[in-house]
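Subject: Structure handover

Hi,

Here is the structure for you to look over. My notes on the sheet follow below it.

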Amino acid sequence: MTVTVLVTGASRGIGLELARQYAARGSRVIATARRPAEATALASLAAANPGVVIEPLAVTDAAAIAALAAKYAGQPIDILIHNAGITGARAGHGLGTLDYDLYRQVLETNTIAPMRITEALLASVAASTQKKIVTISSSEGSIGGVDAPRGYWYRSSKAAVNMLMRNLAFDVRGRGISVALVNPGPVDTDMMKGVPMPLQKPADAVAKLIATIDRVSLATTGRFWDREGGELPW
Ligand SMILES: NC(=O)c1ccc[n+]([C@@H]2O[C@H](COP(=O)([O-])OP(=O)(O)OC[C@H]3O[C@@H](n4cnc5c(N)ncnc54)[C@H](OP(=O)(O)O)[C@@H]3O)[C@@H](O)[C@H]2O)c1
């Protein structure tokens with residue numbers, strides 16, 4: 001049976017690579033992008049793969065989420081992947097100059113959107129065979145991993161989405177739905193431009209993510225997975 005995967009933020013970076021690799025596996029991919037007309041790499045992927053469908057979705061737009069859910073009502077979604085994200089990093093932004101409007105944007109994108117989209121599409125996930133809800137989190141959201149200050153907005157948005165999804169895991173377990181938080185590790189995408197650390201190629205990082213997502217099950221639900229398939233501290 002064909003596996004259906006929905007990926008948010010599929011215009012570039014990790015989301016685009018997830019769409020590419022799931023399509024290469026023969027999955028049906030619902031690739032969402034907030035500005036499809038500008039997502040030229042995604043458009044090329046869809047042109048070459050009839051199984052890839054592009055849907056417009058700004059994840060912070062509640063009406064657009066409702067419209068997408070209405071469109072897919074009654075259709076199974078095996079793997080729902082919350083990938084769209086922003087760092088909220090900006091030059092000169094730090095203690096004493098923190099921008100709280102920016103914080104709202106980061107929380108709307110990284111934390112509230114995954115929950116809202118989950119609620120909207122839950123029936124479609126429940127109607128599928130694999131029944132998986134996956135959020136691309138970050139080791140930056142690991143409170144136990146913090147030993148130096150940086151990224152107030154990003155770190156707290158990921159820690160909060162971790163808690164939402166861990167809570168959700170117990171809420172939907174009885175419906176046979178598994179929930180996972182996955183850390184891709186540092187990946188060479190626009191998000192990491194100029195960050196001086198070794199970066200994985202998107203293709204390599206996403207191959208590992210998909211291997212981890214394959215292992216997600218009711219037995220492992222609610223886990224915060226590290227990039228090599230181990231567990232991260234909360
Ligand atoms: N790269 C890393 O090293 C790394 C490490 C840990 C975790 N992550 C996580 O991995 C995920 C993907 O990151 P990335 O590295 O691929 O970042 P990226 O290259 O900056 O891409 C971000 C994606 O999110 C989309 N997006 C942002 N805000 C959106 C919104 N309001 N509505 C819809 N789409 C939106 C972007 O769409 P547009 O093209 O329209 O802007 C783009 O497709 C994020 O959740 C990030 O936190 C990344």
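Which residue in β5 is the bridge partner of I79? It is K132. Bear in mind that this is a predicted model.

**The sheet as a whole**

That bridge belongs to an open sheet of seven strands. The strand order is β3-β2-β1-β4-β5-β6-β7, and the pairing is parallel. The edges are β3 (52–56) and β7 (223–225), each of which pairs on one side only. On average, neighbouring strands are turned by 20 degrees against each other, direction ignored. As general background, strands of a sheet pair through backbone hydrogen bonds, either parallel or antiparallel.

**β1 and its two neighbours**

Start with β1, residues 4–7. In the sheet order, β1 sits between β2 and β4.

- On the β2 side, four bridges join β1 to β2 (residues 28–33), and the two strands run parallel. T4 has R28 as its bridge partner in β2. V7 stands opposite A31 in that strand.
- On the β4 side, β1 pairs in the parallel sense over three bridges. L6 stands opposite L80. V7 has I81 as its bridge partner in β4.

V7 therefore deserves a second look in your viewer: A31 stands opposite it in β2, and I81 is its bridge partner in β4.

Are the residues of β1 buried or exposed? T4 and L6 lie on one side, V5 and V7 on the other, and all are buried. Both faces of β1 are covered.

**β4 and β5**

β4 covers residues 79–82. I79 and I81 point one way from the strand, L80 and H82 the other way. All of these are buried. β4 also pairs with β5, in the parallel sense, over four bridges. The I79 to K132 pair is a bridge between these two strands.

**Helices and crossovers**

Which helix sits in the unit with β1 and β2? That is α1, residues 13–24, and the β-α-β unit is right-handed. β4 and β5 form a right-handed β-α-β unit with helix α4, residues 100–126.

Helix α5 (residues 152–172) packs on the sheet. It touches β5 (132–136), β6 (178–182) and β7. The direction of α5 makes about 160 degrees with that of β6.

Over to you.

Best wishes

Conventions. Residues are numbered from 1 along each chain as its sequence is written. This is a predicted model: local features need pLDDT of at least 70, side-chain atom pairs count only at pLDDT 80 or more; totals for chains, interfaces and linings use all residues. Two strands pair if DSSP finds at least two bridges between them. Axes are lines fitted to C-alpha atoms, for helices over the stretch in contact, and angles run from 0 to 180 degrees between N-to-C directions. Two residues are in contact if their C-beta atoms, placed from the backbone, lie within 7 Å. A residue is buried if 20 or more other C-beta atoms lie within 10 Å of its own, exposed if 12 or fewer, and partly exposed in between; C-beta atoms are placed from the backbone. A crossover is right-handed if, with the strands pointing away from the viewer, the path from the first strand over the helix to the second runs clockwise.
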